[in-house]
Structure formats: structure tokens, C-alpha cells
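Me: Please pick one part of this protein and go through it closely, in connected prose that a first-year student can follow. Explain each term when it comes up.

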Amino acid sequence: MKPERHYALNFFILFSLSVLFAACTASPPPAGEVEQEEVSVSVEEEPEPYGVLPEHALLGSGADISGLRFEGGRTVSFEIPAGVGLPDLESGDSADPELSRSFRETYLEGLFRDLPLAGVLGGDLVHGWPPQSPAAWVQNWQGTGEIPNSWGLPSLILAVQGFSGSRAFIVRGILMDAYGRSAGIGRANGAMGYGAPLGEDFLYEGQAAQRFEKGLLIVETPGDGGRAGRIRFDPAELPPPPEMLGVFAEGPEREPVSEAFRAAWPLIFDKLASPSGVVKVDAPGTALLFSAVPWQLPLDEAGRLSIRGIYMQSLAEGRALLFLSDYSAAGTGGTVIEAGLRARLLVSPFLDALIAEEALPGLPEPSNPPEESGGRRLDRLLEGLARYGIPLSDPLFRDEGGSYIEAQRFSRGWIAGNRIQENE
């Protein structure tokens with residue numbers, strides 16, 4: 001047997017064990033509920049280049065993960081209210097079903113992130129914004145909190161999609177307050193001054209930030225009551241992505257996946273380019289595809305994930321990984337919700353935690369490695385996916401008790417980081 005074939009067999013055994021382990025370590029069902037059905041997984045035949053990451057991939061950065069913790073997911077329902085993504089039929093192009101789907105997928109992602117979403121605000125429809133000279137699509141969503149902001153609507157959460165984009169993003173909290181201030185291009189605010197968002201909020205050099213079409217918006221000094229204090233808008237142009245980003249080895253056509261990888265470029269640049277200004281793509285992407293029986297994983301107590309395949313590409317000499325899961329989500333009552341293709345960035349300290357030998361504190365049950373190992377770094381990634389689940393978000397900004405922390409959502413819950421900055 002060729003060495004490559006031998007490794008592929010070991011990889012399949014390991015991956016199957018990881019899947020079964022993930023199912024077994026899920027939180028037990030409440031009393032009176034039936035236990036989960038046994039999971040069965042099969043992998044489609046792929047050309048030999050697939051399933052093998054570069055030798056230097058998945059090195060991590062050597063970050064200290066001793067202060068990290070795991071928090072179980074708290075979301076109780078993943079149902080999307082009927083009005084989400086509903087278009088204003090009088091606005092012409094907003095009747096595009098793909099636009100409606102984009103907003104619904106974004107709402108689902110907000111639920112994954114435990115955002116306080118409560119449907120559409122005041123029956124609002126997806127419409128061009130601002131009405132007089134539209135620069136983006138927007139829909140106003142209802143939050144459950146009451147945080148004062150520059151828009152004058154304390155419960156407002158914005159969902160915005162650029163005219164040239166293929167997905168909507170959420171603007172909320174302290175960054176939505178800054179987004180409403182007239183510090184953008186031409187002293188304008190909102191979509192006119194900053195453009196539509198190109199990603200979710202994140203920590204940039206220890207400060208709350210979000211990338212928009214016209215530049216990077218940063219809250220340098222938090223104010224009182226969730227308001228933004230001093231803000232900075234950097235209108236520097238985003239460079240084009242590397243040619244190798246989203247490129248896969250020979251195999252089945254996967255242009256939608258490649259597009260999702262390239263759509264992640266703004267966050268990749270903001271998280272990895274400093275200080276050199278260059279991001280290295282290590283090698284073509286790799287893929288693991290499942291047959292007509294998808295990989296089933298629990299999603300909190302409210303539903304499950306059906307995973308059809310996973311796609312990966314190593315970045316920055318193994319210190320980062322771009323990861324995409326092709327899956328659908330089933331909410332309460334078994335309603336299947338298509339989650340869309342979203343590439344997630346795994347960087348320090350979350351990648352380091354995912355490939356670490358020891359599990360983080362907070363997991364509901366002890367975790368043990370698979371019985372057999374392929375002897376490669378990819379084994380460690382599979383063990384991490386068995387422990388924490390697949391990533392359902394990028395690394396995100398979070399304000400906890402007056403301190404900034406970074407956290408990332410996985411399908412079993414959150415990996416939360418150390419405090420970054422005191423909000424004084």
C-alpha cells in the first residue's frame with residue numbers, strides 16, 4: 001500500500017472516531033428525553049492531495065492558553081422570525097431571493113452568537129439605505145436590551161449588506177453607536193460615510209473595531225452605558241487578497257467555497273497583516289467531504305448540525321487556519337435552516353486551544369483522545385473539533401463587566417479569552 005493511501009486510511013479511522021467521540025461527549029439530554037441516535041459517517045473518495053495539510057500547518061503561535069475557558073452555548077432556539085429578510089417589494093432589486101436568504105442567514109448567525117435578537121423592529125423591510133441615495137441594503141432588527149446610541153433607538157440592531165456584496169453583517173452595540181456619528185467620508189455617517197460592513201466586530205490591537213467598505217472603524221475610548229467615547233476611522237484602502245486564497249488542489253469544482261474564502265479577506269488582513277502588511281497563504285486548500293449521510297453534531301439543547309463537508313487552508317506559516325463547514329442547522333421542532341457557506345478564521349489563542357493536548361476548563365464532560373493516531377498535526381485539529389465542535393463565528397469582540405475580551409463560538413459553546421483592556 002502506498003504511504004499516502006495508508007495515511008488516508010488512518011485519517012478516515014481517526015476522523016470517524018472523532019465524530020463518534022463528539023456525539024458521546026455532548027451534554028446529556030434532560031430527564032425524559034430520548035438519547036441521541038448513534039452517528040454514522042462515511043467519506044467520499046477524493047483525489048490524494050485532499051485531506052493532507054502542509055507539514056508546517058497548524059503550528060499555532062505558542063500562545064498561553066492557561067487563561068482561556070470554555071462556556072456552554074446558552075441559546076434556546078434557532079428559529080428565524082417570519083419578517084427577517086422580507087423585502088420591500090417597491091424597492092425593485094430587493095425582491096431578489098438571494099438577498100432575502102442572506103439576511104436570514106445573518107440572523108441565524110446572530111442567534112449562534114447569543115445576540116439578544118427579537119425579530120424585526122417595527123415591521124421593517126429590507127430596503128435601500130439611505131432612501132434618497134441608497135448605498136446599501138438594510139433591515140432594522142429588534143434587540144432585547146435598552147442601550148442608548150446615536151440613532152436614538154435603544155433596542156436597535158442593524159443588518160447591512162453592500163450592493164456589491166453577497167452577505168449581510170450585523171452592526172451593534174458600541175460600534176453601531178460609532179457608526180451613527182458623522183466621522184466618515186464627507187463627514188457622513190452610516191452607509192454613506194463608512195460604507196456597508198465587510199465583517200463582524202472584532203478586537204483590533206485591543207480595541208473594538210469593525211471593517212467597512214470605506215475603511216476601518218475603531219472605538220479607541222469606550223464611554224459610559226455602552227456608548228462609544230473617542231472613535232477613529234482609518235480610510236486606508238484594503239489591498240487585494242493573495243492569489244492563492246481560496247485556491248484548492250485538483251478536484252471537484254468548488255467555486256462557492258472559494259468565494260467564501262475570499263470574502264473572509266478583510267478580517268484575515270486586519271488580524272494577520274501587521275506589522276509586515278503581508279499575509280502568506282501556505283498551500284492550496286484541502287477538503288473532507290461526507291456522503292449522503294452527513295456528520296451529525298449537537299447544537300446546544302435546541303437543535304443539531306448536519307455537516308456535508310469541511311474545507312481548510314493554512315495561513316501565515318501554520319499560525320492561522322481558514323476553516324469552512326458546509327452544513328445545515330435544525331432548530332427546535334426539527335425545522336432545517338440552511339446556514340450558508342461562511343469561512344471562519346482560527347488564530348491565536350483559539351487555534352492554539354483547538355490543537356492543544358489538554359482540554360480547557362469548563363467542558364461538561366472529560367475528553368479523551370482517539371484510540372488511534374495518524375501521527376500528524378491534523379490529528380490534533382480533529383481532537384479539538386471533537387471537544388468543542390466546529391467554529392460558528394470568527395474571533396469576536398466582547399465586553400464583560402467593563403473589560404474587553406475576545407471569544408469565538410463553536411458548535412458546543414464558546415472559547416473565551418483573557419481580558420484585554422479595562423474600559424475606564
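Reply:
**The core and a strand that runs into it**

The largest nonpolar core has 55 residues, and those with the most contacts inside it are Trp-141, Leu-305, Ile-307 and Ile-415. A nonpolar core is a set of buried Ala, Val, Leu, Ile, Met, Phe, Trp, Tyr and Cys residues joined through side-chain atoms within 4.5 Å. Buried means under 20% relative accessible area, exposed means over 50%, and partly exposed is in between (1.4 Å probe, protein chains only). Helix H2 (residues 97-112) gives the largest share of this core, 6 residues. Helices (H or I, at least four residues) and strands (E, at least two) are DSSP runs, numbered from the N terminus.

The model is predicted: local features need pLDDT of at least 70 and side-chain atom pairs count only at pLDDT 80 or more, while totals for chains, interfaces and linings use all residues. Residues are numbered from 1 along each chain as its sequence is written, and side-chain values use heavy atoms, with hydrogens and water left out.

Now for the setting. The protein has 8 helices and 19 strands, and 54% of its 424 residues count as buried. In soluble globular proteins, nonpolar side chains tend to be buried together. Apart from the largest core lies another, of 30 residues, including Ala-209, Ile-218, Leu-267 and Ala-343.

One residue of the largest core, Leu-305, leads to the part examined here. Neighbours within four places in sequence aside, Leu-305 is in contact with residues including Trp-295, Leu-297, Tyr-327, Ala-329, Ile-390 and Leu-392. Contact means heavy atoms within 4.5 Å. Leu-305 is also the bridge partner, in strand E13, of Leu-297.

What surrounds strand E13? Of its 13 residues, 10 are buried, so the strand is largely enclosed by the rest of the structure. Several strands pair with E13, where two strands pair if DSSP finds at least two bridges between them. Strand E12 (residues 295-299) runs antiparallel to E13, with 5 bridges. Strand E11 (residues 286-289) is antiparallel to E13 as well and is joined to it by 4 bridges; here Thr-286 has Met-312 as its partner in E13.

E14 is another antiparallel partner of E13, with 11 bridges. Along this pairing, Ile-310 is matched with Ser-325 in E14. The two strands form a hairpin with 4 residues between them, and Ala-316 in the turn has a positive phi of about 55°.

E14 (residues 320-330) is in turn joined to E16 by 4 bridges, again antiparallel, with Leu-322 bridging to Leu-345 in E16. In a regular strand the side chains alternate between the two faces of the sheet. E16 (residues 343-346) has both faces covered: Ala-343 and Leu-345 on one side, and Arg-344 and Leu-346 on the other, are all buried.

Arg-344 leads back to helix H2, since it is one of the residues in contact with Glu-109, along with Arg-167, Glu-200 and Arg-342, leaving aside neighbours within four places in sequence. Glu-109 lies in H2, and at 5% relative accessibility it counts as buried. H2 is mostly covered, with 12 of its 16 residues buried; among them are Leu-99, Phe-103, Tyr-107, Leu-111 and Phe-112.

E13 also takes part in an aromatic pair. The structure holds 16 aromatic pairs. Rings of Phe, Tyr and Trp (its six-membered ring) pair if their centres lie within 6.5 Å; planes under 30 degrees apart count as stacked, over 60 as edge-to-face and the rest as tilted. Phe-248 and Tyr-311 make an edge-to-face pair, 5.9 Å from centre to centre with 90° between the planes. This pair links distant parts of the chain, 63 residues apart: Tyr-311 is in E13 (residues 303-315), and Phe-248 is in the loop between strand E10 (231-234) and helix H5 (255-263).

Are these two rings buried or exposed? Phe-248 is buried at 14% relative accessible area, and Tyr-311 is buried at 7%. Phe-248 has a further neighbour: Arg-254 lies over the face of its ring, 5.5 Å from the ring centre. A charge sits over a ring if NZ of Lys or CZ of Arg is within 6 Å of the ring centre and within 35 degrees of the ring normal.
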